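This report describes selected features of one protein chain for a reader who is new to structural work. Please look through the sequence and the model before reading on.

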Amino acid sequence: GKSWSVLHAKETKRQDAYEEAVDQMAAGYTSPERSVNEWMFMWYFVYKASNGNMLTPANMAVVMDTEKVLTNATGVYATENCLLTYTGNQSQCTTPLSWTSVFEGTDAPTAAQIESFKADYDLNGGELGGFLLDENYGATKTSKYTRSHYYFGAPLKGYTSATKDLMDQHVEIGKDQLDLEESLVDKFGLKAAWALDSKYKDKAVVKTDDGEVEVVWASTALMDQEVSNMVSSDFLWAFFCIIAVWIYMTIHLQSMILATVGMYEIVLAFPIAFFFYKGIFQVSFFQELHVLAIFVMLGLGADDVFVFVDAFRQAKMADDTSDLRDWVRYASNRASKAIFATSITTAGAFAATTTSSVMPIAAFGIFASLLVFMLFLINVVLLPPVLVLYERNWGELPCCVYSTACLQGSCSNTCVDPESGKLRQNGRAIENFFNGPFSDIFIYSRVKYIVVAVFAG
């Protein structure tokens, strides 16, 4: 759309000037109903014959039958949408560029009628024949492909200008074209394999005595709707990503409670960032691109929680004689600095896109920067009290109450060492690896020199 134009480019300025001039001219000018051909409303058909020639009675019958959806005299196209040609006070639908205009009045043209058309075109030429036949017709006298264009007129009933309120008219036309699409989808039995799929993954094919004819149709409204449907369905995958990240957080943190709080922080950042984005900064542009930030926030938010919780647990492991306040104070001081460093660099990277001349990219940069900053604030404000409540209520209970041990059915495993009576403060496998074998390799062997030499060379 126009929103993706480069704002300061001379081409954009010229287009804006042209559209402004058209709007000013249209301000005092009215057009008869559906008297102007508007390209945004056009409807297209394309046909492909498997036998390499659409110019047979059986294949042409497919064209005539398919386009009955539009040529039906009582249908919505003929009564409400078609471009009108006026003769005095009388009007009628403009003849489309289609075989239905060549063989008007018949459902299945005969071989003699097709040959008559070919002979006339070979002798006299003509714009219609040149439009309907493909580039190889001159050499082979066959046409593997053929096409049709149907004209939709503006202004629609209730409007006075073909240019004023054009997008509103486009929406109204789009509704009727979606109904036409539904008729064609039912006719050819197109169905999505599953809820998140497109029904157009299957081809619209008709078997004939001469083989098969593949049918394709399109309009601006249909393409816009299909893109919107696919983008919306793709965003449903974000839900599965949220579940996957939550499961990983549960395993890593050994706590469904902390994992759920972490996921809550990520989700909560969106409405808060949106409030500042639209309410404070007054940026009204918002589209699917902005929601893509969820994938960045899932990784960043999970990492923030890991850093904070790990700092808290390391405080306990380093000094199990201190009280809860010291552990939380240590974790907050250490983790907030690390999280702030990663958050400010990420927010700054997104903020850099606000210098883009392409408005949606600049708007996305503002929103993503706010998201990162809000996520940081929520994390440093919410996690400390959550850790306090968590430690007081579940910290010394059996592990299966709050950890993944309950998912494995190990409810006999407790967090209290039976010999000392103290909390077990052993690190997890990955922590033990980096604190033990991994660090020993570089401290007590010459491997460190080899690694530096490899990267230096």
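## Aromatic pairs, helix packing and backbone features

Phe270 has a relative accessible area of 18%, and because buried means under 20%, Phe270 counts as buried. The model discussed here is a predicted one. Phe367 is likewise buried, with a relative accessible area of 1%.

In total, the structure holds 22 aromatic pairs. The rings of Phe270 and Phe367 form one of them; their planes stand at 55° and their centres are 6.2 Å apart, so this pair is tilted. Since Phe270 belongs to helix 12 (residues 256-280) and Phe367 to helix 16 (residues 359-394), the pair ties together parts that are 97 residues apart in sequence. Another tilted pair consists of Trp43 and Phe45, with 6.1 Å from centre to centre and 55° between the planes. Trp43 and Phe45 are both buried. These two residues also belong to one aromatic cluster, together with Tyr47, Tyr77, Tyr150 and Phe152.

A further topic is the packing of two helices. Helix 14 (residues 293-318) and helix 15 (residues 324-352) have axes that come within 8 Å and cross at roughly 155°. Angles over 145 degrees count as roughly antiparallel, so helix 14 is roughly antiparallel to helix 15. The crossing of helix 14 with helix 15 is right-handed. Sorted by class, their contact has 16 nonpolar, five polar and three charged residues.

Which residue lies 8.1 Å from Glu288, C-alpha to C-alpha, although the two are 56 residues apart along the chain? The residue is Ser232, which lies in helix 10 (residues 220-235). Ser232 counts as partly exposed because its relative accessibility is 39%.

The backbone also deserves attention. Most residues other than glycine have a negative phi, and most peptide bonds are trans. Ala154 and Pro155, however, are joined by a cis peptide bond, with omega at about 0°. Pro155 is located in the loop between strand 6 (153-154) and helix 9 (166-188). Two residues with a positive phi are set out below.

| Residue | Phi | Loop | Relative accessible area |
|---|---|---|---|
| Lys141 | near 60° | between helix 8 (137-140) and strand 5 (145-150) | 36%, partly exposed |
| Gln282 | about 60° | between helix 12 and helix 13 (288-291) | 59%, exposed |

Neither Lys141 nor Gln282 is a glycine.

How values were computed: Residues are numbered from 1 along each chain as its sequence is written. This is a predicted model: local features need pLDDT of at least 70, side-chain atom pairs count only at pLDDT 80 or more; totals for chains, interfaces and linings use all residues. Side-chain values use heavy atoms; hydrogens and water are left out. Axes are lines fitted to C-alpha atoms, for helices over the stretch in contact, and angles run from 0 to 180 degrees between N-to-C directions. Helices (H or I, at least four residues) and strands (E, at least two) are DSSP runs, numbered from the N terminus. Angles under 35 degrees count as roughly parallel, over 145 as roughly antiparallel, 65 to 115 as roughly perpendicular and the rest as oblique. A crossing is left-handed if the near helix is turned anticlockwise from the far one by less than a right angle, and right-handed if clockwise. Ala, Val, Leu, Ile, Met, Phe, Trp, Tyr, Cys and Pro count as nonpolar, Asp, Glu, Lys and Arg as charged, and the others, Gly among them, as polar. Buried means under 20% relative accessible area, exposed over 50%, partly exposed in between (1.4 Å probe, protein chains only). Rings of Phe, Tyr and Trp (its six-membered ring) pair if their centres lie within 6.5 Å; planes under 30 degrees apart count as stacked, over 60 as edge-to-face and the rest as tilted.
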